Amino acid sequence: MDFSLTDEQVLMKQGIAEWCRTNMPEHKIQEWYANRGIEQQVAKSWVDAGFGKLGIPEEYGGTPCDKLTLCLAIEELCHGGGNIPMAPNALINFDILEFGSPEQIRDAMDYYFELGIPKYALAISEPNAGSDNQGMCTYTTRDADGRIHIHGAKTWVTNGEWSPGLIVVAKDDDPSRENKNMSMWLVETSTPGIRIEKLNKIGMQIAPFCTVHFDDVVVEESALLGERGKGLYNLMKNFEFERAVLIAELLGEAQAAMDDAAEWVNQREAFGQGVKTFQLVQEHITDMQIKLSNSRNFLYRTCWKMDNGLPVNNDAAMLKRYAAPALTEVCSEALQLYGGLGFTDQTRVSRLMLDCRGMQIGGGTIEIMVHIAGRGILKEYAKNGFYY
């Protein structure tokens, strides 16, 4: 087993760290959280520097790379300061690149490279259907002229309030629970019949949520993304990578909290001595580092399996189940080490903790991960007598 990074990966991480120091000072990050979004020119700079082009095929102007390298880049970006909106771009572009026609891919990539932000936001969850995808009731009908009519609502749409377009997952013809035929559609947010309702979160305000209402929204058949009726299958493929991306984000944020906590502990004194000599403080630091190391190893191994064409449905679910709460705990323990100061807005650890906490829900709750992984693990043991 080789746990070392390649020379190219090391240089990439160093380049991203330098980009973050130049473009994301803490006072600017605080402004972006307050304003519910990052400055467009900063997002464009991320793309122009080449980091935002990672994972995009060369024929569309990108830089191909494996999933591990892509997650390393996301981790380092979020290590620079928090829940940065460019991190999920890899996931959004994944859907377009994986399921789009050449024309759809070209259009989306040209927009992304020109403006620095994706053309689409993912609209999957619904008010009564989060982890329960089969419970979706947004649906489409087709009129006599072959146009598609979308009816329903999507919620918790990240960046939906300022995105020019949406990737909408809807059931074909019939909204009933029994209908498993779903399709994905590219829908401009300026289309008549769309109403956007802002939502407030307790964290991650730099990447705001919204609810999108579809009141007989009409699109052409050419707006279909991927194969008709295969939307549920496409979602499953999306979710595996999404869980790796989300944990890469959390890992970067939790590492930032650890950096701050270690610096604070190394300089803080109490009762006439350095707190770094206190056994309970050392216990916090040790447990934090264990959680960071375990999460990092699990993430990298899952990405390695993806890159080698191995099944990762169970691994991605276990990764989310373990790492999302573990990394939130790292941020919480960092806050505890700061004492009263950690419970103010004068440090970033409290913000990082709230950001990480949301990811125990987003991308599939950690409870549903038990259902996904539990049945899958047992199948592997019944089939092979072991799990690898």
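Guide: Welcome! The domain bounds used here come from an automatic or database domain assignment. In this predicted model, that assignment splits the protein chain into domain 1 (7–118), domain 2 (121–228) and domain 3 (232–384).

Visitor: How do you know that domain 1 and domain 3 are in contact, and how many residues take part?

Guide: Their C-alpha centres are 21 Å apart, but the test for contact is heavy atoms within 4.5 Å. By that test, 26 residues from domain 1 and 26 residues from domain 3 take part.

Visitor: What makes up the area buried between domain 1 and domain 3?

Guide: An interface's size is often expressed as the accessible area lost when the parts come together. Here the loss, summed over both sides, is about 2200 Å², and carbon and sulfur atoms give 63% of that area. On the domain 1 side, Glu 75, His 79 and Leu 91 lose the most area to domain 3, together 25% of what that side buries.

Visitor: Why is the pairing of Glu 75 with Arg 296 called a salt bridge?

Guide: The rule asks for a side-chain nitrogen of Lys or Arg within 4 Å of a carboxyl oxygen of Asp or Glu. In this pair the closest N and O atoms are 3.0 Å apart, so the cut-off of 4 Å is met and the name applies. Across the interface of domain 1 and domain 3 the rule finds 2 salt bridges. Polar contacts there come to 9 residue pairs, both residues being at pLDDT 80 or more.

Visitor: Which helices supply the side of domain 1 that touches domain 3?

Guide: Helix H2 (26–35), helix H4 (67–79) and helix H5 (89–99) each supply at least two residues. H4 gives the most, with 9 residues. Sorted by class, that side of domain 1 has 14 nonpolar, 6 polar and 6 charged residues.

Visitor: And what makes Arg 36 and Glu 161 a salt bridge?

Guide: The closest N and O atoms of Arg 36 and Glu 161 are 2.6 Å apart, which is within 4 Å, so the pair qualifies. Arg 36 sits in the loop between H2 and helix H3 (40–48), and Glu 161 in the loop between strand E3 (148–154) and strand E4 (165–172), so the pair ties together parts that are 125 residues apart in sequence. By this rule the count comes to 21 salt bridges.

Visitor: What are the helix and strand contents of the spans that UniProt annotates at residues 6–105 and 121–217?

Guide: An unreviewed UniProt entry places "domain: Acyl-CoA dehydrogenase/oxidase N-terminal" at residues 6–105, a span that is 64% helix and 0% strand. The unreviewed entry's "domain: Acyl-CoA oxidase/dehydrogenase middle" is at residues 121–217, where the chain is 0% helix and 45% strand.

Visitor: And what does the record place at residues 229–377?

Guide: There the unreviewed UniProt entry gives "domain: Acyl-CoA dehydrogenase/oxidase C-terminal". Residues 229–377 are 77% helix and 3% strand, and their end C-alpha atoms lie 28 Å apart.

Definitions and conventions
Residues are numbered from 1 along each chain as its sequence is written. This is a predicted model: local features need pLDDT of at least 70, side-chain atom pairs count only at pLDDT 80 or more; totals for chains, interfaces and linings use all residues. Side-chain values use heavy atoms; hydrogens and water are left out. Buried area is the accessible area (1.4 Å probe) that two parts lose on being put together, summed over both. A polar contact is a pair of N or O atoms within 3.5 Å; within protein, one must be able to donate a hydrogen and the other to accept it, and residues adjacent in sequence count only if both atoms are side-chain atoms. Helices (H or I, at least four residues) and strands (E, at least two) are DSSP runs, numbered from the N terminus. Ala, Val, Leu, Ile, Met, Phe, Trp, Tyr, Cys and Pro count as nonpolar, Asp, Glu, Lys and Arg as charged, and the others, Gly among them, as polar. UniProt positions are given in the numbering used here, feature names are shortened, and annotations may be inferred rather than shown by experiment.
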